[in-house]
Amino acid sequence: MKQSLFLILHNKPIAPDVYEMTLRGDTGAITAPGQFVQIRLPGFYLRRPISVCDLEEDRLTIIYKVVGKGTAAMARLQAGQRLDLLTGLGNGYDLAACGRDVTVIGGGAGVPPMYYLAKKLIESGANVTAILGFQSKNDVFYEERFRSLGAQTLVTTVDGSRGVPGFVTDAMQNVRYVCACGPEPMLKAVWDRVNAGQFSFEERMGCGFGACMGCTCETKYGNKRICKDGPVLRWEEIVW
């Protein structure tokens, strides 16, 4: 974990209430896809946890959805401002465990960390299929970015307005190994259809680095803190 200041390079909307922010700073503590950062916002006591979407040397990209006062304040930030970040938080995805054929699945706000994961998997020589789930065609983002990586990319929409109608599970075929991130009902549905994989969970966090125990969850191997022992858990240890 490292605390440092980052310079905002851009902060722009890419879908309704969804923003992409790129920052420049010391990214050396970020070592694996699936890790997250904690952002201190002026006027707010608790930091905001946001997944890493992409990393290029000293440039960090995050994507966030405006759902409350904190993220609404983030959306008003401008290029040139600086933010205090804790980086290198959480245990990310284990690329070595994924094998040669991997399906990455993201639902809504769970899509961004799947981009950096897909990028690193493809760089390692893996064959990647990406399934991205959204409510409607208006909510879709990063579809072409995944394709540009070389991932076979499928989009699902609940209302059927784009891609495969329905949920991400409706696009799952011949999945050998899955890495997923998204709302818990989606993760449970995906978990039920496979027997190997890694799943990133979202929990309300206080400190973000394991001190407050506020995000503890039960696993088959005892209680684990999502912020420190997770957010990525393996298929075989998850208890629903």
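**Entry 1: the S10–S11 edge**

I started with strand S10 (residues 152-157) and strand S11 (residues 164-165), and I find them running parallel, joined by 2 bridges. I call two strands paired if DSSP finds at least two bridges between them. My helices (H or I, at least four residues) and strands (E, at least two) are DSSP runs, numbered from the N terminus. Across this pairing, I see Thr156 opposite Val164 in S11.

A note to myself on the ground rules: I am reading a predicted model, where local features need pLDDT of at least 70, side-chain atom pairs count only at pLDDT 80 or more, and totals for chains, interfaces and linings use all residues. Residues are numbered from 1 along each chain as its sequence is written, and side-chain values use heavy atoms, with hydrogens and water left out.

**Entry 2: S9, H3, S10**

Next I looked up the other partner of S10. Strand S9 (residues 127-134) pairs with S10 in the parallel sense, over 6 bridges. Here Ile131 stands opposite Leu154 in S10. I also checked the connection: S9, helix H3 (residues 143-149) and S10 make a right-handed β-α-β unit. Right-handed is meant in this way: with the strands pointing away from the viewer, the path from the first strand over the helix to the second runs clockwise.

**Entry 3: the whole sheet**

In which order do the strands of the open sheet come? I read S11-S10-S9-S8-S12-S13-S16, which is 7 strands with mixed pairing. The edge strands are S11 and S16, each pairing on one side only. At the S16 edge, strand S13 (residues 197-200) and S16 pair in the antiparallel sense over 3 bridges, and Phe199 stands opposite Leu233 in S16.

Then I turned to the helices on the sheet. H2 packs on the sheet and touches strand S8 (101-107), S9 and strand S12 (178-181). The direction of H2 makes about 165° with that of S8. H4 packs on the sheet too, touching S8, S12 and S13, and its direction makes about 165° with that of S12. For contact I use heavy atoms within 4.5 Å. The axes are lines fitted to C-alpha atoms, for helices over the stretch in contact, with angles from 0 to 180 degrees between N-to-C directions.

**Entry 4: aromatic pairs**

I searched the whole structure and got 8 aromatic pairs. Rings of Phe, Tyr and Trp (its six-membered ring) pair if their centres lie within 6.5 Å; planes under 30 degrees apart count as stacked, over 60 as edge-to-face and the rest as tilted. Tyr115 and Tyr142 have ring centres 5.2 Å apart and planes at 80°, so I log them as edge-to-face. Tyr115 is in helix H2 (residues 111-123) and Tyr142 in the loop between S9 and H3, so this pair ties together parts 27 residues apart in sequence. Both Tyr115 and Tyr142 are buried, where buried means under 20% relative accessible area, exposed over 50%, and partly exposed in between (1.4 Å probe, protein chains only).

My second pair is Trp191 with Trp240: the ring centres are 6.0 Å apart and the planes at 70°, so this is edge-to-face. The pair links distant parts of the chain, with Trp191 in helix H4 (residues 184-192) and Trp240 in the segment after strand S16 (232-234), 49 residues apart. Buried or exposed, what is Trp191? Trp191 counts as buried, at 15% relative accessibility, while Trp240 is partly exposed at 37%.

I also noted one aromatic cluster, made of Tyr115, Phe134, Phe141, Tyr142 and Phe146.

**Entry 5: Met74**

I found Met74 in helix H1 (residues 69-75), buried with a relative accessible area of 0%. Which residues does Met74 touch, leaving aside neighbours within four places in sequence? The contacts are Asn11, Met21, Ile39, Leu41, Ile62 and Tyr64.

**Entry 6: two positive phi values**

Most residues other than glycine have a negative phi. I therefore wrote down Asp17, which is not a glycine but has a positive phi of about 65°. Asp17 lies in the loop between strand S1 (2-15) and strand S2 (18-24) and is partly exposed, at 46% relative accessibility. Asn174, also not a glycine, has a positive phi of about 50°. I place Asn174 in the loop between S11 and S12, exposed with a relative accessible area of 78%.

**Entry 7: the chain overall**

I count 4 helices and 16 strands in the chain. Of its 240 residues, 52% are buried.
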